[in-house]
Structure formats: structure tokens, C-alpha cells
Amino acid sequence: MKPSPLTYHRPRSIDEACEILARVAPEGKVLAGGQSLIPLLSMRLAAPAHLVDIGSIPRFDTVSASSELGVTFDALTTHADLEAHAGAAQVQPLLGRALRLVAHPTIRNRGTTVGSIVHADPSAEMPAVLALLGGSVTVRSIRGARQIRAGELFAGPLESTLETDEIATSVTVPPARPGTGTAIDEIARRHGDYALVGVAAQVEVDDGAVVSARMTYISAGEFGRVVDLGDTLRGASAHDARDPLWQTAAEEARDSVETESDIHATARYRSQLVAALTGRVGFAAAQDAVRDATRVSAQTGGQR
Ligand SMILES: Cc1cc2nc3c(=O)[nH]c(=O)nc-3n(C[C@H](O)[C@H](O)[C@H](O)COP(=O)(O)OP(=O)(O)OC[C@H]3O[C@@H](n4cnc5c(N)ncnc54)[C@H](O)[C@@H]3O)c2cc1C
């Protein structure tokens, strides 16, 4: 199928894009990398009267990384560019780990990470990462700029809290915290497919034992919700995956994270994946925290 008739706009600046969008809202849609929107248009699951292609706006793909402020990436930063950014990988390693799971290299070369986040797909990795890490999205319209905190961005599946005349200009995620590790993993039918279930975890460790543990789920649970497993995992060994607390946490997640059946998997199977991945990813995040503490200790000669 082909998209329904529409007027195509190609602004050369963010101000021009905002003006066009203000004129045509709510009948306008922003086009970034097109890796989600073009298929939706082609299948006529979306039929905007106006398409505002921001892809030709110059200098709109910057990435900046600082150990104080975190990582900020602009609206045209592709998944591939962010994945390859050495500073971003150092300041917030979860970004690169998650981006490697997003689709295939060809899609990562065109798709934007900001676009993926505001597209708000519960099966996508980067909304789950933003929800876990916190941070914010900066948006612009002719009314000015505002920031939306991560916890207030997702209104529901495929629904963000951006107004119809707003453009997301950048996303900022905080830096990795000392003593805190992160990990992400998922089960997909084929590498690059959307996950049947995925888990991202942030675990704080002190003296080899878990202090706090937070998880977000991909293709499972309430979209955008952070599940706090700190009470269950407090004291769990960051060195021994056989510590029974990891199994207790896995069972708690299986019982509390809701799953649904669809053509790809039954709800029961997804719940089993939630349990298996919660233990596995949580422990991997705890080990990441231990590695971080060892690195810091080596750099400071044991003085923290
Ligand atoms: C075969 C295939 C497999 C894929 N697999 C995965 C996967 O495993 N995991 C995954 O996370 N993603 C996957 N994707 C989606 C991919 O990551 C997209 O790149 C991403 O979801 C959207 O980014 P985009 O730049 O292409 O956005 P577009 O397709 O251009 O836009 C998507 C939506 O976001 C809006 N939007 C985009 N940018 C802005 C902005 N700056 N301001 C306001 N609104 C904006 C658009 O209006 C539209 O509604 C897959 C895509 C394909 C085609």
C-alpha cells in the first residue's frame, strides 16, 4: 500500500519546523528517521495531512557527554551514532548496551534514538532505558521550550505527553552513578526482532551485597513503570548467582509484572521470561557495579 495523500514539508531550521507544525497541528506529524513512521504511513495506520521532515535541519545530531551532566543527544542522532560515541559509552554504558539490541544495523543507521523514545513503543528498548535511568526530554514549539521528565513522558502505549505542535529536540540521561551497575537483556525470536520480553536493571552494590535494585520491562508490565526490587534483593550476593534472593526476586517479578498473549508468545511464556531475565539481568547489573567499584578503587589506590 501507499500512504494517503499528504503535504510534505522540509524545514531548514528548528524555528521553521515549529512554525509549520503550529500551522498544521493537529494534522501534522514529525518525520525523523522514518523507521517507524514510514511503515505506519504505508500501511495507512497513520494518515496525517502534513508531514514535517526534520531530517534536513543542520547541526541537529550532536552528542555531548559529561561525567557531571550525563549524555545529551539531539533529535537527529541515529541509534548507530549514539552507539558508537565513546564519551556516551563511558558516561552512561547502558545506552550502548541497549542500542546494540535495537533492530538491525541498517535500521540503526537511519532510526533516531529521540524518535524511538517519543514514539513510546512498549516493545522498544530505549523508552525502557530512559524510564530506568531518569533524565528528560527537551521539546520545542512556537510557545517556547520545556522539559519533560522521564517519569512524565509516557502516557500509554505509543502515546507520549508531547503536544501535537511540539518537537522533541534532545534527550538527556544522567551519568552512571559510582557503585551502581546496569545491564539489559532480552529474548527475541531472531536477533534484531522486537523483544518477546526484555529487562533493563540498575543495581547498587556495597561491599559485595545489593543495596538497591530497580528494573524496567520491555514488552511486559505497565509501560514506563519502574519496578523496585530493592526490599527483596537487599543483601543479595553480587558474586554468587546461586544466592536464593535472586530466585526470590525472579518469582516476585513473575507474579507482579503483568504479561499478555499475542501472536508471538503466550502470557504464561512471557511470565517465565520475566522471571528468568529478572534474575539474570539483575545479577549482571550487580556484577557491573562490582567491576565499577574495582575500577574506581584501582584508580584511587583504594581511597574512595
Ligand atoms: C524492521 C524493523 C525492526 C525494528 N526493530 C526495533 C527494535 O527491535 N527495537 C526498537 O526499539 N525499535 C525497532 N525498530 C524501530 C526503530 O528503532 C525506529 O528507528 C524508531 O522507533 C523510531 O525512530 P525514527 O527516527 O525512525 O522515527 P520516525 O519513524 O521518523 O518517527 C516515529 C514517531 O515518532 C515521532 N517523532 C520522531 N522524532 C520526533 C521528534 N524529534 N519530535 C517529535 N516527534 C517525533 C514521529 O512523528 C512518529 O510518530 C524497528 C524498525 C523496523 C523497520
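This text walks through a predicted model, starting with its domains and ending with a few single residues.

Let's begin with the overall layout. The protein is divided into three parts: domain 1 covers 7–56, domain 2 covers 63–173, and domain 3 covers 180–297. If you put domain 1 and domain 3 on screen together, their C-alpha centres lie 37 Å apart.

Now turn to the ligand. Residues of its shell come from both domain 1 (7–56) and domain 2 (63–173), so the ligand lies between these two domains. There are 28 residues around the ligand, and those that come nearest are Gly33, Ala103, Gly111, Gly115 and Ala124. Several elements supply at least two residues each: strand S2 (28–31), helix H2 (37–42), helix H7 (113–119), H8 and S10. Among the contributors, H7 gives the largest share, with five residues. As for chemical character, the shell holds 17 nonpolar residues, nine polar ones and two charged ones.

One of those contributors, H8, deserves a closer look. Nine of the nine residues in helix H8 (residues 125–133) are buried, so the helix is largely enclosed by the rest of the structure. Reading along H8, the buried residues are Glu125, Met126, Pro127, Ala128, Val129, Leu130, Ala131, Leu132 and Leu133. Just after the helix comes glycine 134, which has a positive phi, near 80°.

On the other side of H8 in sequence, the loop between H7 and H8 holds aspartate 121. How exposed is aspartate 121? With 18 other C-beta atoms within 10 Å, aspartate 121 is partly exposed, because buried residues need 20 or more and exposed ones have 12 or fewer. Beyond its neighbours within four places in sequence, aspartate 121 is in contact with Pro127 and Leu158. For a sense of distance, aspartate 121 and threonine 180 are 59 residues apart in sequence, and their C-alpha atoms are 27 Å apart in space.

Next comes the sheet. Five strands form an open sheet in the order S4-S5-S10-S6-S7, with antiparallel pairing. At the edges stand strand S4 (63–66) and strand S7 (144–149); each has a single partner strand, so one side of each is left without a neighbour in the sheet. From one strand to the next, the twist averages 20°. Helix H1 (residues 14–24) packs on the sheet, where it touches S6 and S10, and its direction makes about 125° with that of S10.

It helps to follow the pairings one by one. Strand S6 (residues 136–141) pairs with strand S10 (residues 167–173) over five bridges in the antiparallel sense. Within this pairing, serine 136 has threonine 172 of S10 as its bridge partner. At the S4 edge, S4 and strand S5 (residues 70–74) are antiparallel too, with four bridges between them. There, serine 64 stands opposite threonine 72 in S5, and a hairpin of three residues joins S4 to S5.

At the other edge, strand S7 contains alanine 145. Is alanine 145 buried or partly exposed? Alanine 145 counts as partly exposed, with 14 C-beta neighbours inside 10 Å. Leaving aside neighbours within four places in sequence, alanine 145 is in contact with Thr138, Val139 and Arg140. Its C-alpha atom is 21 Å from that of proline 127, and the two residues are 18 apart in sequence.

A few backbone details are worth finding by eye. Alanine 25 and proline 26 are joined by a cis peptide bond, with omega about 5°; proline 26 lies in the loop between H1 and S2. Arginine 44, in the loop between H2 and strand S3 (50–53), has a positive phi of about 60° although it is not a glycine. Arginine 44 is exposed, having 11 other C-beta atoms within 10 Å. The loop between S3 and S4 holds arginine 59, whose phi is also positive, near 50°. Arginine 59 is exposed as well, with 8 other C-beta atoms within 10 Å.

Finally, visit arginine 234, in the loop between helix H9 (230–233) and helix H10 (244–256). Arginine 234 is partly exposed, with 13 other C-beta atoms within 10 Å. Not counting residues up to four places away in sequence, arginine 234 touches Val210 and Val211. Arginine 234 and glutamate 204 are 30 residues apart in sequence, yet 9.5 Å apart in space, C-alpha to C-alpha.

Notes: Residues are numbered from 1 along each chain as its sequence is written. This is a predicted model: local features need pLDDT of at least 70, side-chain atom pairs count only at pLDDT 80 or more; totals for chains, interfaces and linings use all residues. Two strands pair if DSSP finds at least two bridges between them. Axes are lines fitted to C-alpha atoms, for helices over the stretch in contact, and angles run from 0 to 180 degrees between N-to-C directions. Two residues are in contact if their C-beta atoms, placed from the backbone, lie within 7 Å. A residue is near a molecule or strand if its C-beta atom, placed from the backbone, lies within 6 Å of it. Ala, Val, Leu, Ile, Met, Phe, Trp, Tyr, Cys and Pro count as nonpolar, Asp, Glu, Lys and Arg as charged, and the others, Gly among them, as polar. Domain bounds come from an automatic or database domain assignment.
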